[in-house]
Every structure is written in C-alpha cells, then in structure tokens.
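Reader: I am a first-year student, and I would like to take a close look at a single part of this structure. Could you choose one helix, go through it slowly, and then connect it to what lies around it?

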Amino acid sequence: SIIDSCVFTYIRQRKMLGLGDAILTGEPLIGNEPFAVILADDLCSTVGESVLSQMIEIYNKYQCSIIAIEEVPRDQVNKYGIISGELIDNSNDIYRVSNMVEKPDIVDAKSNLAIIGRYILTPDIFEILRKIKPGNGNEIQITDALLDQAKKGNVIAYKFKGKRFDCGGIKGYLEAINYFAKLLGIK
C-alpha cells in the first residue's frame, strides 16, 4: 500500500564524479527547498527518533545545513570527511563547523569527528557546487561545498544518538546483519 500511495522520481548520475556532483544532479527535483541526503551504505539504528528526525529538529532551530557526525578511531580519519568546530550545545552534541577536510592524512586531522551519510542541505549548496573545482579523484566533493558554507557560519554538525554501520564494506555489512539478527532474536 505504501508504494501505491507514493510517487517515486529519480535522476541518474551519468558519470561518477563524486557526491557533490550527484547532489547537483538532483537540483531539478529539489528546487529552492532544503532537502535531506541519505547515503545507503551508512545504516543507522536508533532508539526512538531516526537520525534524520533528530536532524530536522536541529535544522528547525538553526536554519542552516546540518551534517551528522560520529567519533571514529584516530587511525581511521583518513577514510572520512573530518570536521572541526566549536561545541555550541554540550547537552545535544552540536557543533558550529569552522573547518572540514575530506580524507585527511592521520597526522593532519584536527579531530576524529567524522561526517557520516546523513545531511540536511540548504538550496544555496547548488550554486556553490556549480563553482567547485573537482578535487580528490577528480570528483566534486560535498565537503568542499560545505566548507564554503561553514566559513560563513552556516553548517552545524550533530553527533547523532544511535549506532552506525558502514555497509559499504563486508565487515560493516556483516556487523549490521549480526546486530539486527540479535536485536530480532535470530540465532
């Protein structure tokens, strides 16, 4: 019944030119509205509100781009976009982002706060993405566009409440399967 009550529209990214390019490809569907980006290989489990619902509450308060973050082991910072910023709400783990770097060298990382695959973006991101020059791997990086917004004080990072599984690799995928099997009482 859900499928019958919904309209699904998609746009295909013709060339794999990075997440920034994929987001820019979706502009005709989004228009001049804030929107969410959910990366399917980051599976998040929460008790209560979903990560995105948690982020919408933060968006409603700050009215700027919101990114979900989590602490990662220091030796893994080179696998993620890493943020630095000022903690502005200690009780809710909310930061005003001042800087971010895509996959920094371990010795250069300013923190171990990694961006995960949940974003709420404001529509001005499209204009920024159109101007971004390809970076690492000749890809248009969303972190470069978000950094432009962050320099204007317009990016909030939220250390979400819940557990994340990196299902883009076999280890994380198996961890997710085992976690949910135990949760459901499957042996």
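Author: A helix here is a DSSP run of H or I that holds at least four residues, and helices are numbered from the N terminus. With that in mind, and remembering that this is a predicted model, we can turn to helix α5, which covers residues 125-131.

Within this helix, the side chains of R130 and E127 meet in a salt bridge, with 3.0 Å from N to O. The positions of the two partners deserve a moment of thought, because R130 and E127 are 3 residues apart in helix α5 and are therefore separated by about one helical turn. An α-helix has 3.6 residues a turn, so residues three or four places apart point the same way.

The next point is how open to the surroundings the two partners are. R130 has a relative accessibility of 42% and E127 has one of 37%. Both count as partly exposed, because partly exposed covers the values between the buried limit of 20% and the exposed limit of 50%. The pair also belongs to a wider arrangement, since E27, E127, R130 and K131 are linked in a network of salt bridges.

From E127 we can also step across to another helix, for E127 and A145 are 18 residues apart in sequence and 9.2 Å apart in space, C-alpha to C-alpha. A145 is one of the buried residues of α6, which also include I142, T143, L146, L147, Q149 and A150. Because 7 of the 9 residues of α6 are buried, this helix is largely enclosed by the rest of the structure. D148, at 29% relative accessibility, counts as partly exposed, and it forms a salt bridge with K152 in which the closest N and O atoms are 3.1 Å apart. K152 itself is exposed, with a relative accessible area of 56%.

Helix α6 leads on to the largest pocket, because α6 (142-150), β6 (113-121) and β8 each supply at least two residues of its lining. The largest share, 4 residues, comes from β6. The pocket holds about 560 Å³ of space and is lined by 21 residues, of which L39, D41, K79, E102 and K103 lie nearest its centre. Sorted by class, this lining has 7 nonpolar, 6 polar and 8 charged residues.

Strand β8 then brings us back to salt bridges, of which a search of the whole structure finds 8. In one of them the side chains of D42 and R164 meet, at 2.5 Å from N to O. This pair links distant parts of the chain, with D42 in strand β2 (residues 42-45) and R164 in strand β8 (residues 163-166), 122 residues apart. Whereas the partners in α5 count as partly exposed, D42 counts as buried at 8% relative accessibility, and R164 is buried with a relative accessible area of 12%. Both values fall under the 20% that marks a residue as buried.

Conventions
Residues are numbered from 1 along each chain as its sequence is written. This is a predicted model: local features need pLDDT of at least 70, side-chain atom pairs count only at pLDDT 80 or more; totals for chains, interfaces and linings use all residues. Side-chain values use heavy atoms; hydrogens and water are left out. A salt bridge is a side-chain nitrogen of Lys or Arg within 4 Å of a carboxyl oxygen of Asp or Glu. Buried means under 20% relative accessible area, exposed over 50%, partly exposed in between (1.4 Å probe, protein chains only). On a 1 Å grid over the protein atoms alone, a cavity is a set of points where a 1.4 Å probe fits but cannot get out, and a pocket is an open set with protein on both sides within 12 Å along at least five of seven lines; lining residues have an atom within 4 Å of a point. Grid points are joined across faces, edges and corners, and a volume is the space filled by probe spheres set on the points. Ala, Val, Leu, Ile, Met, Phe, Trp, Tyr, Cys and Pro count as nonpolar, Asp, Glu, Lys and Arg as charged, and the others, Gly among them, as polar.
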